[in-house]
Amino acid sequence: MNNNMLTFIPEEMALRAPYHLLTSIAAPRPIAWVSTINQAGKPNLAAFSFYNAVAGFPPTIMFSVSYRATREPRVKDTLRNVQEEVPEFVCHVVDEANADAMILSSVDFQPDVNELEVAKLTAVPSVDVRPFRVAEAPVAMECRATQIIPVEGSTNVMVLGRVLRFHVREDLYRESGLVDTVKMKPIMRCGG
């Protein structure tokens, strides 16, 4: 057994090195494909790889949004929508069949661009929240934002949301009350 351990102190590492190390350690990371909407009804769809479940009951998930890396950091549309416009969102699972559409929806578009249209996705009404669901996604969770927490010392803001309704594609649901994860074929992000 090799007991030699390397030690790294984030403050002593190159600028992006702690991020790269962390994202290769916390792997694989599921991808949240989050739809939001503003007060005027303009939809937004974006992907986030800092995402996970944080509580079983009430079912609660989180995703983390980073400010855009520009000279003057700008708030992403997703965060502005849940923080200032409509405190609701729909979190979708991205499967292999939707990987290309997810990549298209992740481009840094201007706020007036509808990512659903760019990625040729079908928007369907949600039941309990205003943001649309992506019909092509195998799983969608309608959520109400419950907490929005700036991550101290970073450009990230964590959004926690209570799941109000689950939408699961019928062929994925098992009698045990679980989703067949292998059949769902979710894509995830790994380091490097």
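## The hairpin of strands 9 and 10

In this predicted model, strand 9 and strand 10 make a hairpin, with five residues sitting between them. The turn includes G153, whose phi is positive at about 80°. Strand 9 covers residues 139-150 and strand 10 covers residues 156-168, and the two run antiparallel with eleven bridges.

Strand 9 also has strand 6 as a partner: that pairing is antiparallel too, this time over five bridges. You can follow the ladder through a single residue, A140. In strand 9, A140 is the bridge partner of H92, and A140 is also bridged to H167 in strand 10.

## Rings at strands 5 and 6

Strand 6 (residues 88-93) brings us to the aromatics, since F89 lies in it. The structure has three aromatic pairs, and one of them is F63 with F89. Their ring centres are 5.1 Å apart and the planes meet at 75°, which makes the geometry edge-to-face. F63 belongs to strand 5 (residues 60-66), so this contact ties together parts of the chain that are 26 residues apart.

Are these two rings buried or exposed? Both F63 and F89 are buried. They don't sit on their own, either: F48 joins F63 and F89 in one aromatic cluster.

## Y19 and F50

Another of the aromatic pairs is Y19 with F50. Here the centre-to-centre distance is 6.3 Å and the angle between the planes is 70°, again edge-to-face. If you're scanning for contacts between distant parts of the chain, this is one: Y19 is in helix 1 (residues 17-25), while F50 sits in the loop between strand 3 (43-48) and strand 4 (51-55). The separation along the chain is 31 residues.

Why do Y19 and F50 count as partly exposed? Y19 has a relative accessible area of 25% and F50 comes in at 28%. Partly exposed runs from the 20% limit for buried up to the 50% limit for exposed, so both rings fall in that band.

## Arginines over the rings

Each ring of the Y19 and F50 pair also has an arginine over it. R16 lies over the face of Y19, at 4.5 Å from the ring centre. For F50, the residue to look at is R29: its charged end sits over the ring, 5.1 Å from the centre.

So when you pull up this site, there are four side chains to display: the edge-to-face rings of Y19 and F50, R16 over Y19, and R29 over F50.

How values were computed: Residues are numbered from 1 along each chain as its sequence is written. Side-chain values use heavy atoms; hydrogens and water are left out. Rings of Phe, Tyr and Trp (its six-membered ring) pair if their centres lie within 6.5 Å; planes under 30 degrees apart count as stacked, over 60 as edge-to-face and the rest as tilted. Helices (H or I, at least four residues) and strands (E, at least two) are DSSP runs, numbered from the N terminus. Buried means under 20% relative accessible area, exposed over 50%, partly exposed in between (1.4 Å probe, protein chains only). A charge sits over a ring if NZ of Lys or CZ of Arg is within 6 Å of the ring centre and within 35 degrees of the ring normal. Two strands pair if DSSP finds at least two bridges between them.
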